[in-house]
Amino acid sequence: MSSISPRRAGPPTDASSVAAPEVDNFVSHTLKTTKALPPITWSNFSKNLNWLNVFILCVTPFIGMFGAYHTKLRWETALFSVFYYYFTGLGITAGYHRLWAHRSYNAGKFLQYFLAIAGAGAVEGSIKWWSRGHRAHHRYTDTELDPYNAGEGFWYSHIGWMLLKPRRKPGVADVSDLSKNEVVRWQHKYYISLILLMSFAVPTIIPWLGWNDAKGGYVYAGIIRLLFVHHSTFCVNSLAHWLGDSPFDDKHSPRDHLITALCTIGEGYHNFHHQFPMDYRNAIKWYQYDPTKWFIWVCQKLGLASHLKVFPDNEVRKGQLTMQLKRLRETQESLAWPSDSNDLPVISWESYIEQSAKRPLILISGFIHDVASFIDEHPGGAHWIIKYIGKDATTAFFGGVYDHSNAAHNLLAMKRVGVLHGGFQQGIDDKSIPPSQRLKIARYAELSSPGASSAAHSDYEEGMLG
Ligand SMILES: [Zn+2]
Ligand SMILES: [Zn+2]
């Protein structure tokens, strides 16, 4: 083997040439080339309010609370209101969101009309408008092209984005499939009539005909229920980007949390959802709360839905593993590790003998250890350590006298001060690698870089033990 190796092409060292190039992607390009409206200030605040939404989202709740104060709640109406909350909520979660915005399954005409009508009762805009915004949200998550950008704050992503006129158009998102859809077009055309019918008329008429409680139906199943459906689904844009953890990816803000799932009819596993948006599930475990998934699954069993999309489990688990490794790497980096042979002086046998006369040095597996701080703490007794000062204790340490624990081996490695010249073949013998280092998390770049391997010193150099 030649002793002259060509110089490896490494990263340039000139500071000017390593400066990061300006990132130019579609989002930054669009932000640069399109105009935004001036920022909202107190002086232009009222001009920038979306008054229709302010009325629907702020005035209606007060009417509902006033009505509730003057209307006795009957148990039949209470039960019906909860049912109607789930009915209209599923119109959004199973219909608007998972069927139309994400195409995560196919629905027959009956189920499509059912969901379009139910969703109209939630008063959140037509399927087409809602899905267009939601597709932009997924495509431009956490950027200014995301209509409910979580970076603007919790309340902005929850409700502010509807109360204020947006500063710029949401990013481009294709909804041509929805423009061709017969049910979506029908709902868009009759949207106002459907709202009045499904959000106010039906929840008034059913309690009126059923148990003679038209007023209770109007107040509780109509207005109060609407308030709950609104804030429940709005939580997907706020709470789900704020509370919980990121078991699948942490590039963006979406999070998984049971509380969010409970608030949103199962849309709370939002970290999973942003990674695998075409999956008809939000929760992948059977015990996690995802009634929307259960509803779609039942519809499939009834023959109303088909082609439920599920992302390959192998890829889902890769995401989980990546995040687990990331956390383990953080733990790894927070710990102190033994010196590598590349960082230690190489000592001859004669020098080792000479220096161990002055201080307690012990040779094990080719590494020279300074055990001064450990003699009195050795569980097996100080005399064993003293006995092996200036000797090779490899065999004694690994079973000759006592087969030491992995913890003992890990601790021993922390006391390394030198490497014996020609003492061992590093990297082959497990005795030279402490158990805690046999499995390590390394970045890809570290694996491929020449300094990453623990190759033994090739050049002999006489050193002093540090
Ligand atoms: Zn989201
Ligand atoms: Zn989504």
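At which residue does H11 bend, and by about how many degrees? Before selecting anything, bear in mind that the model is predicted, and take in the whole chain, which has 20 helices and 6 strands. Of its 466 residues, 35% are buried, and among the contacts with a separation of 6 or more, 70% are accounted for by residues 24 or more positions apart.

**Helix H11**

Select residues 214–234, which form helix H11. The bend asked about above is at Arg-225, where H11 turns by about 35°. The 21 residues of this helix should span 30 Å at 1.5 Å a residue, and its end C-alpha atoms, 28 Å apart, agree with that expectation. Colouring the helix by burial is a useful next view: 16 of the 21 residues of H11 are buried, so the helix is largely enclosed by the rest of the structure.

**From H11 to Ile-63**

Keep Val-219 displayed and add Ile-63, since these two residues are 156 residues apart along the chain and yet have C-alpha atoms separated by 8.6 Å. Ile-63 belongs to helix H3, which covers residues 51–69. Is Ile-63 buried or partly exposed? Ile-63 has 14 C-beta neighbours inside 10 Å and therefore counts as partly exposed, because the buried class requires 20 or more.

**Helix H10**

Now move to residues 191–211, helix H10, whose 21 residues reach 29 Å from the first C-alpha to the last, close to the 30 Å expected at 1.5 Å a residue. Centre the view on Ala-201, where H10 bends by about 45°, and note that a proline, Pro-203, follows within four residues. Showing side chains for Leu-194, Met-198, Ser-199, Pro-203 and Pro-207 picks out the buried residues of H10. These buried residues pack against H4, helix H5 (109–120), helix H9 (182–189) and H11, the last of which was the opening stop of this tour. Just after H10, select Asn-212, which takes a positive phi of about 55°.

**Where H4 meets H14**

For the final stop, select helix H4 (residues 75–101) together with helix H14 (residues 291–301), whose axes come within 10 Å and cross at roughly 75°. The two helices are therefore roughly perpendicular to each other. On the H4 side, display Leu-90, Thr-93, Ala-94 and Arg-98, and on the H14 side Thr-292, Phe-295 and Ile-296, since these residues make the contact. Sorted by class, the contact of H4 with H14 has 4 nonpolar, 2 polar and 1 charged residues.

Technical notes
Residues numbered from 1 in each chain as written. Chains lettered and ligands numbered in written order. Predicted model: local features only at pLDDT ≥ 70, side-chain atom pairs only at ≥ 80, totals over all residues. Expected span 1.5 Å × (residues − 1). Bend = angle between axes of the 7 residues up to and from the residue. Buried ≥ 20, exposed ≤ 12 C-beta atoms within 10 Å, placed from the backbone. Axes fitted to C-alpha atoms, helices over the stretch in contact; angles between N-to-C directions. Parallel < 35°, antiparallel > 145°, perpendicular 65-115°, else oblique. Contact = placed C-beta atoms within 7 Å. Nonpolar A, V, L, I, M, F, W, Y, C, P; charged D, E, K, R; others polar.
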